[in-house]
Amino acid sequence: MALGFANCGDRPCPCGSGDSLLQCCGPLHRGRLKAETAEQLMRSRYSAYALSEVDYLIATHPDAASAAAERRRELRASCRQTRWHGLTVLASEAGRQDDLEGSVRFEAVFSASGERHVLKEHSLFRRRDGQATGEWLYVGPLD
Ligand SMILES: [Zn+2]
């Protein structure tokens, strides 16, 4: 694992922030930092999809633990079949340090089975247990 991490350390972060992975979403994927805003969590989940960081995707979604094993299998398969090409955050509402809830509207370009698609979503994020100290979790799409 250390080798893999060193190898990808200098690459640009897939979320498109312009920072390197190590300066951006990498520390969130490794559990060294928590997302401070809903948009930061959204970006880090996008780059987790791009990098097959399945455990991070599970840890940032409020699914019951019993559903995690199946979810992990589905996510692994989905990550294998999908290539993510870029993320554009169109709008963020609330979801800041002192908020309990927020939403992010984004577009993500991906290809699957040789076809290019654009995923457009308005995502809802909420802090765990509605507590100011809870970490940001992805709840689901709003529309
Ligand atoms: Zn990033």
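Reader: What pattern does the protein follow along the sequence?

Author: Reading along, you get α-α-α-α-α-β-β-β-β. Helices here are DSSP runs of H or I with at least four residues, strands are E runs of at least two, and both are numbered from the N terminus. By the way, this is a predicted model, where local features need pLDDT of at least 70, side-chain atom pairs count only at pLDDT 80 or more, and totals for chains, interfaces and linings use all residues. Residues are numbered from 1 along each chain as its sequence is written.

Reader: What makes the protein as compact as a globular protein of that length?

Author: The globule rule is 2.2 Å times the number of residues to the power 0.38, and the radius of gyration is taken over C-alpha atoms. For 143 residues the rule gives 15 Å, and the protein's radius of gyration is 15 Å, close to that, so the protein counts as that compact.

Reader: How do you know that strand 1 and strand 2 pair?

Author: Two strands pair if DSSP finds at least two bridges between them. Strand 1 and strand 2 (residues 101–112) are joined by 11 bridges, so they pass, and they run antiparallel. Within that pair, T88 stands opposite E107 in strand 2.

Reader: And what about strand 3 and strand 4?

Author: Strand 3 (residues 115–127) pairs with strand 4 over five bridges, in the antiparallel sense. There, S123 stands opposite P141 in strand 4.

Reader: Why are strand 1 and strand 4 called edge strands?

Author: Four strands form an open sheet in the order 1-2-3-4. Strand 1 (82–94) and strand 4 (136–141) each pair on one side only.
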